[in-house]
Amino acid sequence: MGMAAVNVAIPALAADLHASANKVSWLPTLYILSNVALMLPFGKLADNYGRKRMFVWGLALNALAAFMCSIATSIDAILFWRLVQGAAGAMIFGTGIAIITAVTPNNKRGTALGIVASCVYVGLTLAPAIGGWLTELLGWRSVFYFQIPLVIALLIFIKFKLPGEWKNEHHSRFDWIGSIIFITFACTLVYGMSALPSMLGWGLLGVSLLCLGAFIVHQSKDKQPLIRVQMFLESRVFSLSLSTSFLMYGSNFAILFLLSLYLQFIKGYSPSYSGQILLIQALCMAIIAPIAGKLSDKFQPRIIATTGCLIVGIGFIVLNQISPASSASDIGIALALIGTGFGLFSTPNNNAIMGSVSEQEVGVASASMNLSRTIGNLVGMSLVNLMMHHYLGDEKLSSAQNDALMQTISLALVMSLCFVLVACVFSAIRGKQ
């Protein structure tokens, strides 16, 4: 929620600190960078030293970083603390689902994950509105310091209402070499994606692929790795569920961004009316996710998740028909289908991932699940950025660019539909849990 709220405050922040467009573009990128790079190492540390402990330290570090951003006097300082906040996010999101899995009986895990997913979607729905309201009334700094009392309240709740700790009985040696290789992979991936389509970007992506290969080889040979790559071979459910997650989130992340441009530039709707239309997807997801979680406790998660993928696919088929003449109701129907399908998909898929590993590896599984989502978001957005560069170049967005923008949106929607169709196949063939 904090990240989505901060995005709304970026224009005011940039104006107040006289920040260049280049530096402003790094605000979300640096957050994602440290989040992706540290998710897996923190997941392993959580398994060794305590998942609740890692979660609490992540919350505390997030509050510190938010406070430092709120008093920063330069864009460079905010960039540094956003990097730190991304690391805190890796500690929080890499362990949160693992804790839920540990405290919930297997036959109720889907219900619990559904409630968590619903809370996430409600947060994502409210965050832009809260961020805009705070920025307008109290200034951009309030978007950072409003997070602090929420974190303090959560820490107090954990102190008194969540006793105990969850970790492995025996510590395994921390794989520093594997961590360095993985962090290098993540850094070159994120920076390379942001630098496309330049030669530097392609070169860094090449280095990233080499690092990924080296990481897989190292993990397969190390006796106490960050993640046992054998997990992907031992459990078809685990590997294909992660692949499905990567494709589904890769298909969806950039679409709301593009539809926001479509509604405001091509259709000429106001920002507030456009926002109301785009809220339809998140609202449907928030409503359906808990229901899907309960269903995944009673039926095979594969069946419900695949049904969700198919409904998302239908939504994208409808969305692929849009043109400058399409109505708001056409977009609303498509987003309702996508939101309903995603609500059916996400919780059962997470349930399948967490239920396919041993108790000793739930921290790493939780981190892997969040990694698949984050990297899917990153790849999907980067591909859309490539399309925008190809069709729009460095031109300022205006009504004169509507034809090129429509071409970009149409191609991106075809890409998303292809991602979802492949995800349907992966989800259907993953096998029984």
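In which helix is Ile-331 found? I will open this presentation with that residue and then move outward to the helices around it. Please keep in mind that the model is predicted.

Ile-331 is found in helix H15, a helix that spans residues 328-355. Is this residue buried or exposed? Its relative accessibility is 0%, so Ile-331 counts as buried, the cut-off being under 20%. Leaving aside neighbours within four places in sequence, Ile-331 is in contact with six residues that I will read out: Leu-259, Tyr-262, Leu-263, Ile-277, Leu-319 and Ile-322. Another residue to find on the screen is Val-318, which is 13 residues away from Ile-331 along the chain. The C-alpha atoms of Ile-331 and Val-318 are separated by 8.4 Å.

Helix H15 brings us to its partner, H14. These two helices pack at an angle of about 160°, and their axes are 7 Å apart. An angle over 145 degrees counts as roughly antiparallel, and H14 and H15 are therefore described in that way. The crossing in which H14 passes H15 is left-handed.

Before going further, a word on confidence. Across the protein, the mean pLDDT is 83, and 92% of the residues reach 70 or more. Where is confidence highest, and where is it lowest? Helix H14, residues 301-319, has the highest value, with a mean of 93. Helix H1, residues 2-17, has the lowest, with a mean of 71. As a general caution, where pLDDT is low, the predicted coordinates should not be read in detail.

Let us turn to the nonpolar cores. The largest one has 68 residues, and the members that touch the most others are Leu-13, Leu-40 and Ile-78. Which helix gives the most to this core? The answer is helix H2, residues 21-49, with twelve residues. A second core, separate from this one, has 48 residues, among them Leu-392, Ala-404, Ala-412 and Leu-413. In soluble globular proteins, nonpolar side chains tend to be buried together.

Ile-78 deserves a closer look. With residues up to four places away in sequence set aside, Ile-78 touches Leu-13, Leu-17, Leu-27, Cys-69, Ala-72 and Trp-140.

Buried residues in this model also include Asn-62. This residue is found in helix H3, residues 51-70, and its relative accessible area is 12%. Because buried means under 20%, Asn-62 belongs in that class. Its contacts, again without residues up to four places away in sequence, are Gln-85, Ala-88, Ile-92, Gln-147 and Val-151.

I now come to helix H16, for which I will describe two pairings. The first is with helix H4. Helix H4, residues 75-103, and H16 pack at an angle of about 130°, with axes 7 Å apart. The two helices are therefore oblique to each other. H4 passes H16 in a right-handed crossing. On the H4 side, the meeting residues are Phe-93, Gly-94, Thr-95, Ile-97, Ala-98 and Thr-101, and in H16 they are Val-362, Gly-363, Ser-366, Ala-367, Met-369 and Asn-370.

The second pairing is between H16, residues 362-392, and helix H17, residues 402-428. Their packing angle is about 150°, and their axes lie 9 Å apart. H16 is therefore roughly antiparallel to H17. The crossing of H16 and H17 is right-handed. Among the residues that make the contact are Gly-380, Leu-383, Met-387 and Leu-392 of H16, together with Ala-404, Leu-411, Ala-412 and Phe-419 of H17.

Two aromatic residues complete the tour. Phe-426 lies in helix H17, and at 27% relative accessibility it counts as partly exposed. Phe-426 touches Leu-240, Ser-243, Thr-244 and Leu-247, not counting residues up to four places away in sequence. Its C-alpha atom and that of Arg-109 are separated by 23 Å, and the two residues are 317 places apart along the chain.

The other is Trp-202, found in helix H9, residues 199-221. Trp-202 is partly exposed as well, with a relative accessible area of 46%. What does Trp-202 touch, not counting residues up to four places away in sequence? The contacts are Leu-196, Pro-197 and Leu-386. Gly-192 stands ten residues from Trp-202 along the chain, and the C-alpha atoms of this pair are separated by 6.4 Å.

Note on methods. Residues numbered from 1 in each chain as written. Predicted model: local features only at pLDDT ≥ 70, side-chain atom pairs only at ≥ 80, totals over all residues. Heavy atoms only, no water. Core = buried A, V, L, I, M, F, W, Y, C linked by side-chain atoms within 4.5 Å. Buried < 20%, exposed > 50% of the residue type's maximum accessible area, 1.4 Å probe, protein only. Helix = DSSP H or I, 4+ residues; strand = E, 2+ residues; numbered from the N terminus. Contact = heavy atoms within 4.5 Å. pLDDT = per-residue confidence, 0-100. Axes fitted to C-alpha atoms, helices over the stretch in contact; angles between N-to-C directions. Parallel < 35°, antiparallel > 145°, perpendicular 65-115°, else oblique. Left-handed = near helix turned anticlockwise from the far one by under 90°.
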